Amino acid sequence: MSQCIFCRIVDGSIPAKVVYQDDQTLAFDDINPQAPVHTLVIPKRHVASVQELGEADQGLLGRLLLTCTRIAKEKGLAEPGFRLVANTGRDGGQTVFHLHFHVMGGRHMAWPPG
């Protein structure tokens, strides 16, 4: 397994407030939240970004998105709405190069975001 910070959270060597996991995904609360609710959803397998996904990863991508909606429902965001973000590459704002989705809500989200 890669030694990126998220891989280390998956293997348990770095603690995190895990809110959900299954055989392919892990969801945990962000340590630097940008909204009242800010949870990260990651694949347990190391994938650097959405740029690395291919046709064979359709099932994983579907599982990640379903996990995002599950987290939004469990955290009370489904009705009022939430923001789902996947930063990609340095110019896209990605700082941890392990694919992850930000599930954010609990307040009005302004547009444009950045």
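Which residues point one way from β5, and which the other way? I would like to begin there, with the reminder that what we are looking at is a predicted model. Phe101, Val103 and Gly105 point to one side of β5, His102 and Met104 point to the other, and all of them are buried. In general, the side chains of a regular strand alternate between the two faces of the sheet. Put in terms of coverage, β5 is mostly covered, with five of its five residues buried.

Let me turn to the partners of this strand. Strand β4, residues 82–85, runs antiparallel to β5, residues 101–105, and four bridges join the two. Within that pairing, Leu84 has Val103 as its bridge partner, and Arg83 is bridged to Met104. On the other pairing, β3 and β5 also run antiparallel, joined by five bridges, and there Val37 stands opposite Gly105.

Strand β4 has an alternation of its own, and here burial does depend on the face: Arg83 and Val85 point to one face and are buried, whereas Phe82 and Leu84 point to the other face and are not.

Now to the nonpolar cores, for which the usual expectation is that nonpolar side chains in soluble globular proteins tend to be buried together. The largest core has 14 residues, and the members that touch the most other members are Val41, Leu64, Ile71, Phe101 and Val103. The elements contributing two or more residues to this core are β3, α2 and β5, and the largest share, five residues, comes from α2. A second, separate core of nine residues includes Cys7, Phe28, Leu40 and Val96.

If we follow Phe101 in particular, and set aside residues up to four places away in sequence, we find that Phe101 touches Thr39, Leu40, Val41, Leu61, Leu64, Leu65, Cys68, Leu84, Val85 and Ala86.

Phe28, which I listed in the second core, brings us to the aromatic rings. The structure holds one aromatic pair. The ring centres of Phe6 and Phe28 are 5.5 Å apart and the ring planes stand at 75 degrees, so the pair is classed as edge-to-face. This pair links distant parts of the chain, with Phe6 in helix α1, residues 5–10, and Phe28 in strand β2, residues 25–29, 22 residues apart. Both Phe6 and Phe28 are buried.

Next come the charged pairs. Side chains of opposite charge can pair when their charged atoms come close, and the count for this model is six salt bridges. I will go through some of them.

Asp22 forms a salt bridge with Arg63, with 3.3 Å between the closest N and O atoms. Because Asp22 lies in the loop between β1 (18–21) and β2 while Arg63 lies in helix α2, this pair ties together parts that are 41 residues apart in sequence. Asp22 counts as buried, since its relative accessibility is 15%, whereas Arg63, at a relative accessible area of 27%, is partly exposed.

Asp29 forms a salt bridge with Lys75, and here the closest N and O atoms are 2.8 Å apart. This pair also links distant parts of the chain, namely Asp29 in strand β2 and Lys75 in the loop between α2 and β4, 46 residues apart. Asp29 is buried, with a relative accessible area of 16%, while Lys75 is partly exposed, with a relative accessible area of 29%.

Glu74 and Arg70 form a salt bridge as well, the closest N and O atoms being 3.0 Å apart. Both residues lie in helix α2, four residues apart, which is about one turn of the helix. Glu74 is partly exposed at a relative accessible area of 48%, and Arg70 is partly exposed at 38%. Salt bridges that share partners also join Lys17, Asp29 and Lys75 into one network.

Finally, a word on one loop residue. Where does Ser49 sit? Ser49 is in the loop between β3 (37–43) and α2 (58–74). Is Ser49 buried or exposed? Ser49 counts as buried because its relative accessibility is 9%, and the cut-off for buried is under 20%. Leaving aside neighbours within four places in sequence, Ser49 is in contact with Thr88, Gln94 and Leu99. The C-alpha atoms of Ser49 and Gly89 are separated by 7.5 Å, although these two residues are 40 residues apart along the chain.

Methods:
Residues are numbered from 1 along each chain as its sequence is written. This is a predicted model: local features need pLDDT of at least 70, side-chain atom pairs count only at pLDDT 80 or more; totals for chains, interfaces and linings use all residues. Side-chain values use heavy atoms; hydrogens and water are left out. Buried means under 20% relative accessible area, exposed over 50%, partly exposed in between (1.4 Å probe, protein chains only). Two strands pair if DSSP finds at least two bridges between them. Contact means heavy atoms within 4.5 Å. Rings of Phe, Tyr and Trp (its six-membered ring) pair if their centres lie within 6.5 Å; planes under 30 degrees apart count as stacked, over 60 as edge-to-face and the rest as tilted. A salt bridge is a side-chain nitrogen of Lys or Arg within 4 Å of a carboxyl oxygen of Asp or Glu. A nonpolar core is a set of buried Ala, Val, Leu, Ile, Met, Phe, Trp, Tyr and Cys residues joined through side-chain atoms within 4.5 Å.
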